[in-house]
Amino acid sequence: MEGVVHRTVEVNGIKMHVAEKGEGPVVLFLHGFPELWYSWRHQILDLASRGYHAVAPDLRGYGDTEAPPSISSYNCLHIVGDLVALIDSLGVQQVFLVAHDWGAIIGWYLCMFRPDRVKAYVCLSVPFLRRDPNVRTVDGMRAMYGDDYYICRFQKPGEMEAQMAEVGTEYVLKNNLTNRTPGPPIFPKGEFGTGFNPDMPDTLPSWLTQDDLDYFVSKFNKTGFTGSLNYYRNFNSNWELTSPWSGVQIKVPVKFITGDLDSVYTSLNLKEYIHGGGFKEDVPNLEEVIVLKGVSHFNNQEAPQEINAHIYDFINKFSPHAHAAAKTT
Amino acid sequence: MEGLQHRTVNVNGINMHIAEMGEGPLILFIHGFPDLWFSWRHQIKALASLGYRCVAPDLRGYGDTDVPASPTAYTSLHVVGDLVGLLDEIAGDQEKVFVVGHDWGAMTAWSLSLYRPERIRALVNISVPFTPRNPKRKPLDTLRAVYGDDYYICRFQETGNIEAEFEQIGTARVLKEFLTYRNPAPLYLPKGKGFGHAIDSPMKLPSWLSEEECDYYASKYEKTGFTGGLNYYRNLDLNWELTAPWTGAKVNVPVKFIVGDLDLTYNAPGAKDYIHQGGLKRDVPFLEDVVVIQGAGHFLHQERPDEINKHIYDFFNKF
């Protein structure tokens, strides 16, 4: 990709691969599962052209970043620790944060632990997940959707990796990326099978080229899925370790964007939480909630122009000087 | 103590015993090792009479509070989670509270200040200054390098090891040794040597500590053992690993720091420099006062209660 610089930064005891472009206020992009810095390809180019310094790491366990072997090295405190060290390495006090899926979950934790480091947050797909002090996270999901809910199926170390290996990396990634079925993903018993997407198309959607898919496949063939699955295996650990923040309010200004076909938006009672007042209660500076019609989970890849515009409009409110910088590119 | 109430509150998955007295703005008292709510008996009484609601829990692993079995259930995240849960439960209407911490309780208070600064109106911390996280070096590695393997914290690491030695010495005696310790030099506990003198050698209690008070301590530790308290030390490296997000973070609450000049924490290499030459102020920008009490040891608030009570009152009264 033109003008994108790749480098490796030592953060929090690991080597982190970072893709970067542009000059100006830092916009930190956090990908989700099972993705990479590359998920932000459209946003990186757009924000860089508009006077921002786009920074997109591969998170711990992904792509060209180190993947520590132990499951317990993937709790939210480790990942946020990596990112605080990354932000420090950029020499800035604050960043604009744009995050999607698991990246969004980590983004919420970053806002919770170090609100001083985040100027504003554009959150894609996954709203704040309020901690229930009486119910461990995965236990609650299991009670709601049963043992074949994908998050429950991801828990046992090695099991989902073996099931994914049966269908192959490209199948897994294509299955997930092309999913347009709302509702909680329930996997068939004992195998990956139809996985996330019972209606997986033969041809790729217009927003995902074979080259794009090949890039994802090449990286996941190298690393496997264990690093990425380990995030899910720390849901309950994260719950246990974040008891100090039960009931906390997130004070960072937030814009939330999702698609009405997104399985996250259409499960876990999140629609009610997002629109019924709970979200605003927990995030008093939630400034905007956008639901894109006919858009599914990977909205930053599927609807890049809209997402780019939404990001720019929001963060530009907090740094008007970016207007001036944009003229020079 | 008249007017003092004891009750058990269910917080963060454990049953927590608290002692409570008085009405008014809440002061949360956080004890250290090897200690109990009882450490604060003089402060509770005095501050309650001055119009504060004093709350002193037994922390997890101690006294009449639960002692979770898992050694990794004693990270600063767990302990602070208990205290935030406690505040939500008993003082949900008070957004900000006063906090007093001592020893491990001071470390917990520093953590609470980093995690939930918006819940603290002001903090009086006793004995243990803030230690900024060194991203390049784990705490145990540093302690081993500076002090060697016989340093008490290093000797506390292996589960069961020091417990067996404490059992040899006897619970009551161990507590007396800690409570009366006045040696400013680092504490070494070489294997089999105990506290450096015969375990039946006579031990004269200072004027501020009675046999009855020692009996109270002994009765509680005979019940729980020392493992709960020791587990805090066993999570030093895990705490370091888990607190990466707060590397370089400052403590942004108003603080008064008090220490006795005979306290081994004050006399540790680099401590005086850090406290007085700007390090502590850099890391705790709202540090308002540093008080060094001459001729006083580690359990300052028990040894010099009137002075400490006055320091606490004078500070909190400003808010």
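**Sheets, helices and the interface of chains A and B**

Me: What makes it right to say that α2(B) lies across strands of chain B?
Reply: Contact means heavy atoms within 4.5 Å, and α2(B) lies across β1, β2, β3 (26–30), β4 (53–57) and β5 (97–102) of chain B. Its direction runs at about 115° to β1(B), where axes are lines fitted to C-alpha atoms, for helices over the stretch in contact, and angles run from 0 to 180 degrees between N-to-C directions. Helices (H or I, at least four residues) and strands (E, at least two) are DSSP runs, numbered from the N terminus.

Me: Which strands does helix α14 of chain B touch as it packs on the sheet?
Reply: Helix α14 (residues 305–316) of chain B touches β3, β5, β6 (120–126), β7 (255–260) and β8 of chain B. The direction of α14 makes about 155° with that of β6(B).

Me: On what basis should these values be read?
Reply: This is a predicted model, in which local features need pLDDT of at least 70 and side-chain atom pairs count only at pLDDT 80 or more, while totals for chains, interfaces and linings use all residues. Residues are numbered from 1 along each chain as its sequence is written, chains are lettered from A and ligands numbered from 1 in the order in which they are written, and side-chain values use heavy atoms, with hydrogens and water left out.

Me: Why do β1 and β8 of chain B stand at the edges?
Reply: The open sheet of chain B has 8 strands in the order β1-β2-β4-β3-β5-β6-β7-β8, with mixed pairing. Two strands pair if DSSP finds at least two bridges between them. β1 (5–11) and β8 (287–293) of chain B each have a single partner strand, so one side of each is left without a neighbour in the sheet. Neighbouring strands here are turned by 20° against each other on average, direction ignored.

Me: How do you know that β1(B) and β2 of chain B are joined?
Reply: DSSP must find at least two bridges, and 7 bridges join β1(B) to β2 (residues 14–21) of chain B, so the two strands pair. They run antiparallel, with B:Asn10 opposite B:Asn15 in β2(B).

Me: What joins β5 and β6 of chain A?
Reply: 6 bridges join β5 (residues 95–100) to β6 (residues 118–124) of chain A, and these strands run parallel. A:His100 stands opposite A:Leu124 in β6(A).

Me: How do you know that the interface of chain B and chain A has salt bridges or lacks them?
Reply: A salt bridge is a side-chain nitrogen of Lys or Arg within 4 Å of a carboxyl oxygen of Asp or Glu. The rule finds 0 across this interface. The contact takes 19 residues from chain B and 18 residues from chain A.

Me: Which elements give two or more residues to the side of chain B that touches chain A?
Reply: These are α2 (76–90) and α10 (236–242) of chain B. The largest share, 6 residues, comes from α2(B).

Me: Why is the bond from A:Phe33 to A:Pro34 singled out?
Reply: The peptide bond from A:Phe33 to A:Pro34 is cis, with omega near -20°. A:Pro34 has its place in the loop between β3 (26–30) and α1 (41–49) of chain A. In chain B, a cis peptide bond joins B:Phe33 and B:Pro34, with omega about -15°. B:Pro34 lies in the loop between β3 and α1 (41–49) of chain B.
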